[in-house]
Amino acid sequence: MRDGFRQRVEALRARTGKAPGLAVILVGDNAASQIYVRNKVRACASLGIQSLEHHLPASADTQVIVGLIEKLNADSEVHGILVQLPLPAHVDMARVLETISVDKDVDGFHLYNVGGLVVGSTVFPPCTPYGVIKLLEYEQIAIEGQNIVVVGASNIVGKPMALMLMQRNATVCICHAKTRDLAQFTILADILVVAAGKPNLILPQMVKTGAVVIDVGINRLPDGRVVGDVDFAGVAEKASYITPVPGGVGPMTITMLLENTIAAAERSLQVAPVPAVA
Ligand code: NAP
């Protein structure tokens, strides 16, 4: 996918003299967020996308962040704006996300894009679930008519994931921390998507033989290892497909951010608009 994106960036530059531009806002010193931002900036550079990191202190208040976003909204060199989450607790996250211009909302978290997701016409699908859809499509794994269980119901992964799968005519079940007896749902899944942030939440006896298992979770263990939410070694013996952590959904999330940024630039510069997806 990234090879294809490089060609799109070159075509854009040839026709307009401009490169796609992504502004990344990082507030505070969360170690994991710093790594994610570094990886995103690096990935942009590898494709010729200009990215500019705005690092604000943890003490920055909502008004300061909103002021920066307003400036970036008005900057014609910036086609995408990403605010790295989580924000410090004192910041009004909803207000920050609603300030991002819907045309630059490459993370897809603005209410306008969330609403688009509900009716199947979002402009910028949120990157992580969009990456999961692309993984399934690449492996030609049917979605329509499948029983799909999504474990996790957050606004940035679980809920948009479920909506995208419904849009593709899957029968979707969403589980969360208050779900009673998780296994009675997961065992029915033809495709199981797990995004809970709990290591070893999914054990082999909870998975149907031959199921496709997508592990979105990223957990750092006390010994420093990074693992997902699924007992990879055990579940790999039953699953027909399984994504590793690290190296599965994570790189796809970044890839879809690149796609959304290029699409935003193409729309803004009116070059070969890319059709909307849900
Ligand atoms: P989040 O906001 O903490 O949401 C976690 C969701 O999982 C909640 O809906 C929660 O239920 C549910 N949950 C928690 N414990 C559960 C349990 N024991 N059984 C069933 N459901 C449970 O997290 P998030 O932002 O969605 O992220 C989830 C995981 O994905 C994290 O590990 C995160 O690091 C990772 N992630 C990875 C990527 C990537 O690119 N690979 C991107 C984003 C996130 P309630 O709603 O009832 O609390």
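# Loops, helix packing and a ligand site

Visitor: Let's start with Pro204: which strands flank the loop that holds Pro204?
Guide: This is a predicted model, so treat every value here as computed from it. In the model, Pro204 sits in a loop. The strands on either side of that loop are S6 (191–194) and S7 (212–215).

Visitor: Which residues is Pro204 in contact with, leaving aside neighbours within four places in sequence?
Guide: Contact means heavy atoms within 4.5 Å. With the neighbours within four places in sequence set aside, the contacts of Pro204 are Asp231, Gly234, Val235 and Lys238.

Visitor: And how many Å separate Pro204 and His90, C-alpha to C-alpha?
Guide: Along the sequence, Pro204 and His90 are 114 residues apart. In space, C-alpha to C-alpha, their separation is 41 Å.

Visitor: Pro57 is another loop proline; what is in contact with Pro57 once neighbours within four places in sequence are left aside?
Guide: Pro57 is in the loop between strand S2 (50–56) and helix H3 (62–73). Its C-alpha atom is 46 Å from that of Gln146, which is 89 residues away along the chain. Leaving aside neighbours within four places in sequence, Pro57 is in contact with Val27 and Gly28.

Visitor: Moving to the helices, are H6 and H7 parallel, perpendicular or oblique to each other?
Guide: Helix H6 (residues 127–138) packs on helix H7 (residues 158–167) with the axes 8 Å apart and an angle of about 40 degrees. The crossing of H6 and H7 is right-handed. Angles under 35 degrees count as roughly parallel and 65 to 115 as roughly perpendicular, so H6 and H7 come out as oblique.

Visitor: How many nonpolar residues are there in the contact of H6 with H7?
Guide: H6 brings Pro129, Tyr130, Val132 and Ile133, and H7 brings Pro160, Met161, Met164 and Leu165. No polar and no charged residues take part in the contact of H6 with H7. The nonpolar count is 8.

Visitor: H7 also packs against H5; which residues of H7 make that contact?
Guide: Helix H5 (residues 111–119) and H7 pack at about 35 degrees, with axes 8 Å apart. From H5, the contact uses Leu117, Val118 and Val119. By class, the contact of H5 with H7 has 6 nonpolar, 1 polar and no charged residues. On the H7 side, the residues are Pro160, Leu163, Met164 and Gln167.

Visitor: What about the ligand: which residues come nearest?
Guide: There are 21 residues around the ligand. The ones that come nearest are Ala153, Ser154, Ala177, Ile218 and Thr253.

Visitor: How many Å is an oxygen atom of the ligand from a polar backbone atom of Ala177?
Guide: Backbone atoms also approach ligand nitrogen: a backbone N or O atom of His176 lies 3.4 Å from a nitrogen atom of the ligand, and one of Val216 lies 3.3 Å from a nitrogen atom of the ligand. For Ala177, the partner is a ligand oxygen atom, and the distance is 3.0 Å.

Visitor: Any backbone oddities? Where is Pro246, which a cis peptide bond joins to Val245?
Guide: Most peptide bonds are trans. Val245 and Pro246 are joined by a cis one, with omega about 0 degrees. Leu85 and Pro86 are also joined by a cis peptide bond, and Pro86 is in the loop between strand S3 (80–83) and helix H4 (93–99). As for Pro246, look in the loop between strand S10 (241–242) and helix H10 (249–268).

Methods: Residues are numbered from 1 along each chain as its sequence is written. This is a predicted model: local features need pLDDT of at least 70, side-chain atom pairs count only at pLDDT 80 or more; totals for chains, interfaces and linings use all residues. Side-chain values use heavy atoms; hydrogens and water are left out. Axes are lines fitted to C-alpha atoms, for helices over the stretch in contact, and angles run from 0 to 180 degrees between N-to-C directions. Helices (H or I, at least four residues) and strands (E, at least two) are DSSP runs, numbered from the N terminus. Angles under 35 degrees count as roughly parallel, over 145 as roughly antiparallel, 65 to 115 as roughly perpendicular and the rest as oblique. A crossing is left-handed if the near helix is turned anticlockwise from the far one by less than a right angle, and right-handed if clockwise. Ala, Val, Leu, Ile, Met, Phe, Trp, Tyr, Cys and Pro count as nonpolar, Asp, Glu, Lys and Arg as charged, and the others, Gly among them, as polar. A residue is near a molecule or strand if one of its heavy atoms lies within 4 Å of it. A polar contact is a pair of N or O atoms within 3.5 Å; within protein, one must be able to donate a hydrogen and the other to accept it, and residues adjacent in sequence count only if both atoms are side-chain atoms.
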